[in-house]
Amino acid sequence: MNKNLPKVYASPINKPITNNKDIFISSKDSTRSLNSNNIPEKINEIFANPHHVYKSDVKIITNNDSYTTTIVGLNGSNLLTLNGERININNILDIERI
């Protein structure tokens, strides 16, 4: 087997290279926007998770409150909790599995 590699032509660089520039972007507001369009996707991911057999512990942030609960199902536009509450999905700002 021939171990010699073919010759490669590399053209010489005769000009200065200025493609690396420092960029910094800052904002005075550190507010975080919560996108309500991702809430149904997040809920579907929780129910599709292999660890969700019957119930899942979640942290829910709504328009008025933030609390930890156990969800067991989905009925139309409501989440059903283990203690019998119904949480309207339209009022949820963020949801995450604990």
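These are my notebook entries on a predicted model of one protein chain.

**Entry 1: overall layout**

I started with the secondary structure. The protein chain has 1 helix and 5 strands. Along the sequence they run in the pattern α-β-β-β-β-β. I then checked burial. Of the 98 residues in the protein chain, 20% are buried. The exposed area of the protein chain is about 8,600 Å², and carbon and sulfur atoms supply 49% of it. I also looked up the contacts with a separation of 6 or more. Residues 24 or more positions apart account for 47% of them.

**Entry 2: the core**

Next I asked which residues make up the largest nonpolar core. There are 11 in all: Ile39, Ile43, Ile46, Val58, Ile60, Ile71, Leu79, Ile87, Ile89, Ile92 and Ile95. Helix 1, strand 1 and strand 5 (92-97) each give two or more residues to this core. Helix 1 supplies the largest share, 3 residues. I noted the general background here. Nonpolar side chains tend to be buried together in soluble globular proteins.

I picked Val58 from the core and listed its contacts, leaving aside neighbours within four places in sequence. Val58 touches Ile46, Tyr67, Thr68, Thr69, Ile71, Ile95, Glu96, Arg97 and Ile98. Among these partners, Ile46, Ile71 and Ile95 are also members of the core.

**Entry 3: the two sides of helix 1**

I turned to helix 1 (39-48). Its buried residues are Ile39, Ile43 and Ile46. Why do they sit on the same side of helix 1? They cover an arc of only 60 degrees around the axis, so they share one side. The general geometry is worth a line. An α-helix has 3.6 residues a turn, so residues three or four places apart point the same way.

What do the buried residues of helix 1 pack against? Strand 1, strand 2 (66-75), strand 3 and strand 5 are the partners. On the other side of helix 1, I found Glu45 and Ala48 exposed.

**Entry 4: salt bridge search**

How many salt bridges does a search of the whole structure find? I got 1. The pair is Asp94 and Lys42, with the closest N and O atoms 2.6 Å apart. Asp94 lies in strand 5 and Lys42 in helix 1, so the salt bridge ties together parts that are 52 residues apart in sequence. In general, side chains of opposite charge can pair when their charged atoms come close.

I checked how covered each partner is. Asp94 has 10% relative accessibility, so I logged Asp94 as buried. Lys42 comes out at 32%, so I logged Lys42 as partly exposed.

**Entry 5: just before helix 1**

I moved to Asn38, in the segment before helix 1. Asn38 is partly exposed, with a relative accessible area of 32%. I then took a distance to Leu93. The two residues are 55 residues apart along the chain, and their C-alpha atoms are separated by 9.4 Å.

**Entry 6: two polar residues in strands**

Thr62 is in strand 1. Its relative accessible area is 12%, so Thr62 is buried. Beyond neighbours within four places in sequence, Thr62 is in contact with Tyr67, Ile87, Asn91, Ile92 and Leu93. Two of these partners, Ile87 and Ile92, are on my core list.

Asn78 is in strand 3 (residues 78-81). Is Asn78 buried or exposed? At 18% relative accessibility, Asn78 counts as buried, because the cut-off is under 20%. Not counting residues up to four places away in sequence, Asn78 touches Gly73, Arg86, Ile87, Asn88 and Ile89.

**Entry 7: a nonpolar surface patch**

Last, I looked at the surface. Val53, Tyr54 and Leu82 make a nonpolar patch of about 360 Å². Val53 lies in the loop between helix 1 and strand 1. Tyr54 is found in the loop between helix 1 and strand 1 (56-62) too. Val53 has 74% relative accessibility and counts as exposed. Tyr54, at 53%, counts as exposed.

I closed with one distance from the patch. The C-alpha atoms of Val53 and Val72 are separated by 9.1 Å. Along the chain these two are 19 residues apart.

Technical notes. Residues are numbered from 1 along each chain as its sequence is written. This is a predicted model: local features need pLDDT of at least 70, side-chain atom pairs count only at pLDDT 80 or more; totals for chains, interfaces and linings use all residues. Side-chain values use heavy atoms; hydrogens and water are left out. Patches are made of residues with over 30% relative accessible area and no salt bridge: like charges are joined within 9 Å, nonpolar side chains (Val, Leu, Ile, Met, Phe, Trp, Tyr) within 5 Å. Accessible areas come from the Shrake-Rupley method with a 1.4 Å probe; for residues, only the protein chains shown count as cover. A salt bridge is a side-chain nitrogen of Lys or Arg within 4 Å of a carboxyl oxygen of Asp or Glu. Helices (H or I, at least four residues) and strands (E, at least two) are DSSP runs, numbered from the N terminus. Buried means under 20% relative accessible area, exposed over 50%, partly exposed in between (1.4 Å probe, protein chains only). Contact means heavy atoms within 4.5 Å. A nonpolar core is a set of buried Ala, Val, Leu, Ile, Met, Phe, Trp, Tyr and Cys residues joined through side-chain atoms within 4.5 Å. The arc is that of the directions from the helix axis to the C-beta atoms.
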